[in-house]
Amino acid sequence: MIAVADLALSLNGRPILQQIAFQAQPGEVTVLLGPNGSGKTTLLLCLCAHYRPGQGDIQICGQELTSLSYRRLAQLVAVVPQDHHPVFPYQVREVILLGRISRLGFFSQPTSADDEIVDDILKLLNIQQLADKPYTRISGGERQLVLIGRCLAQEPQVLLLDEPTNHLDFKNQFVILKLIKDLARERQLTVLLTLHDPNMASLFADQVILLAQGRIAAQGPPQEVITAAHMAAIYHLEVEMLRAGTRHLLYPKIG
Amino acid sequence: MSRNWLRWGLLLSPLPAALVALQFGAYPISPWQIWQILGMPLGAGTPPEAMVQILWQVRLPRIVLAMLVGLALSASGTTLQAIFRNPLVDAFILGLSAGAALGCAVSVAFWPGLPIQLTAFVCSLLAALLTFALAHTRGEVPILSLILAGVIVSAFFSALVSMIKFMVDPHKLASIVFWLMGSLSLADWLAVRQAGPCIGLGALLIWLGRWRLNALSMGDAEAKALGVEVRWERGLFLLAAALSVAAAVSVSGIIGWVGLMVPHVVRMLLGPDHRWVVPLSMAVGATFMVLSDTIARTFTGGEIPVGIITTLAGAPFFIILLKQRGQESWRT
């Protein structure tokens, strides 16, 4: 569980985030939605201690974020970064194994127990056939799976994902988000992720936090937050809502 | 299966390499005679006294020293390439070689009483520490600053060396130049005892922490997110690399190319997992150095600086590997 209160962050004297307050619950998917530059990624980076906010309070599973070492934090929070630049062509198995690093000391090597955890994850994600391939030579969707697998190896309480659907094709976007939601349910993970597509958010989110210019413009269940009025106000874009049963779909009125 | 054979073959390669190196030299010793000398305490035979002396006091210390130097250079090269996420890096990027050069030049030119090993070791470590200090900003040591600081420190120390070279008489100039080319011709057990502990300590730290290099090679932000205490873990690796290379350089002079090439060769042959790359680099570095030094001391009547041999022998081999399986070592 994540609880953020009265968070503010300035970078190089410029305020990036202001008056951020929200909670994210275990077993639920919370989506951060907002235009480019609205502070989504920055907020995510605050939650993994990449930035130290000048003001406010972040509690991760009841513990003050600033009181945690990187090692302890990694046992609670796992992150799938937006841009991942691989340098060495490690095997998929070796990449997932790295998730165990926060559980072992500086002078320890992973044991067969860690290898078994990796095997279980490969099976769970159904990517056993990739295990011995260099992760630089697999597709974008497969790589996203591997990075999620690395997070699972950390055995975290909280999962943070920065635009997990980036660079993914039509099908894989759904596959990945479905997987993330299932994991949240089954393992009672607190999942927080950023997305660009409001329609994806309404399909998969339990809670949506709408960011605009570093502030929270709206938060709540998707059907309350993702409305034509909110979208028009924040993206400065005329949109229309299509309804089909319980589903609804936003599309822009252009042309 | 064949990968496993290759792995263990490479790990054990220093032994046959040493055996080869023991045989060759101005005074050839046959494998049977080596067996006799090494087995003397067991009563294997009585070889000529001169031969025993050459083996124990000349050839063996030199081989051990060559192995230590090769091990130090390759282990630290591996470490720094992983930490810096950069293929064109070895320990000398930290200013170690320029520092050692200055130490040598100062000793030769101004304080002939001080052993070159000592001044080279001290100046080399000083240069590395100066590089860290310059790069240190706001409690962090960013990699780009570190590389820039290394370049600056190297340039500054090299300029001082050039100035000393310019000032001294030709004899001293010759000995500075020869030392800078790198050679193991002064090897004895004393040198092994001087350099051994520092090289051993540095290499041990790198070996123990080797798995964490995989995480550090993902970059700062990701390593932190994985739970690596990047600041002090990276510092520890850098210190270990600097310590072992400073010790190596102090007894061998500046031998380039080993620390750069060996890690690449290992990764190209057996993949990038540092749990294996570190020990394999150590073994291959030791083997490569012993064989290069054997060529250096036997190819002509005199001694060729071993740095020349490592480059001449290494470059073509490296090019062939790079052409064949370059992408498997490095992704651009």
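**Exercise 1. Work out the strand order of the four-stranded sheet in chain A, and find its edges**.

Step 1. The four strands form an open sheet in the order β2-β1-β4-β5 of chain A, with antiparallel pairing. Strands here are DSSP runs (E, at least two residues), helices are DSSP runs too (H or I, at least four residues), and both are numbered from the N terminus. Two strands pair if DSSP finds at least two bridges between them.

Before going on, a word on the model: it is predicted, local features need pLDDT of at least 70, side-chain atom pairs count only at pLDDT 80 or more, and totals for chains, interfaces and linings use all residues. Residues are numbered from 1 along each chain as its sequence is written, chains are lettered from A and ligands numbered from 1 in the order in which they are written, and side-chain values use heavy atoms, with hydrogens and water left out.

Step 2. β2 (14-24) and β5 (63-64) of chain A each have a single partner strand, so one side of each is left without a neighbour in the sheet.

Step 3. Look inside the sheet: β1 (residues 2-11) of chain A pairs with β2(A) in the antiparallel sense over seven bridges. There, A:Val4 stands opposite A:Phe22.

Step 4. Add the helix. α1 (residues 40-47) of chain A packs on this sheet and touches β1, β2 and β4 (55-60) of chain A, where contact means heavy atoms within 4.5 Å. The direction of α1(A) makes about 65° with that of β2(A); axes are lines fitted to C-alpha atoms, for helices over the stretch in contact, and angles run from 0 to 180 degrees between N-to-C directions.

**Exercise 2. Describe the six-stranded sheet of chain A and the helices that pack on it**.

Step 1. The order of this open sheet is β6-β7-β8-β3-β9-β10 in chain A, and the pairing is mixed. β6 and β10 (215-220) of chain A are the edge strands, each pairing on one side only.

Step 2. Take one parallel pair: β3 (residues 29-33) and β9 (residues 207-212) of chain A share four bridges. A:Thr30 has A:Gln207 as its bridge partner in β9(A).

Step 3. Here α1(A) turns up again, touching β3, β7 (158-161), β8 (190-195) and β9 of chain A, at about 155° to β8(A). Meanwhile, α5(A) lies across β6 and β7 of chain A, at about 170° to β6(A).

**Exercise 3. Why does the salt bridge between A:Arg93 and A:Asp132 tie together separate parts of chain A?**

Step 1. The closest N and O atoms of A:Arg93 and A:Asp132 are 3.6 Å apart. A salt bridge is a side-chain nitrogen of Lys or Arg within 4 Å of a carboxyl oxygen of Asp or Glu.

Step 2. A:Arg93 lies in α3 of chain A and A:Asp132 in the loop between α4 (112-124) and α5 of chain A, so the pair joins parts 39 residues apart in sequence.

**Exercise 4. Characterise the interface of chain A and chain B**.

Step 1. Count the residues in contact: 36 from chain A and 38 from chain B.

Step 2. The buried area is about 3,200 Å², with 64% from carbon and sulfur atoms; this is the accessible area (1.4 Å probe) that the two parts lose on being put together, summed over both. A:Phe88, A:Ile101 and A:Phe106 supply 25% of the area that chain A buries against chain B, more than any other three residues.

Step 3. Across the interface the rule finds one salt bridge. In it, A:Arg150 joins B:Glu222, with the closest N and O atoms 2.7 Å apart.
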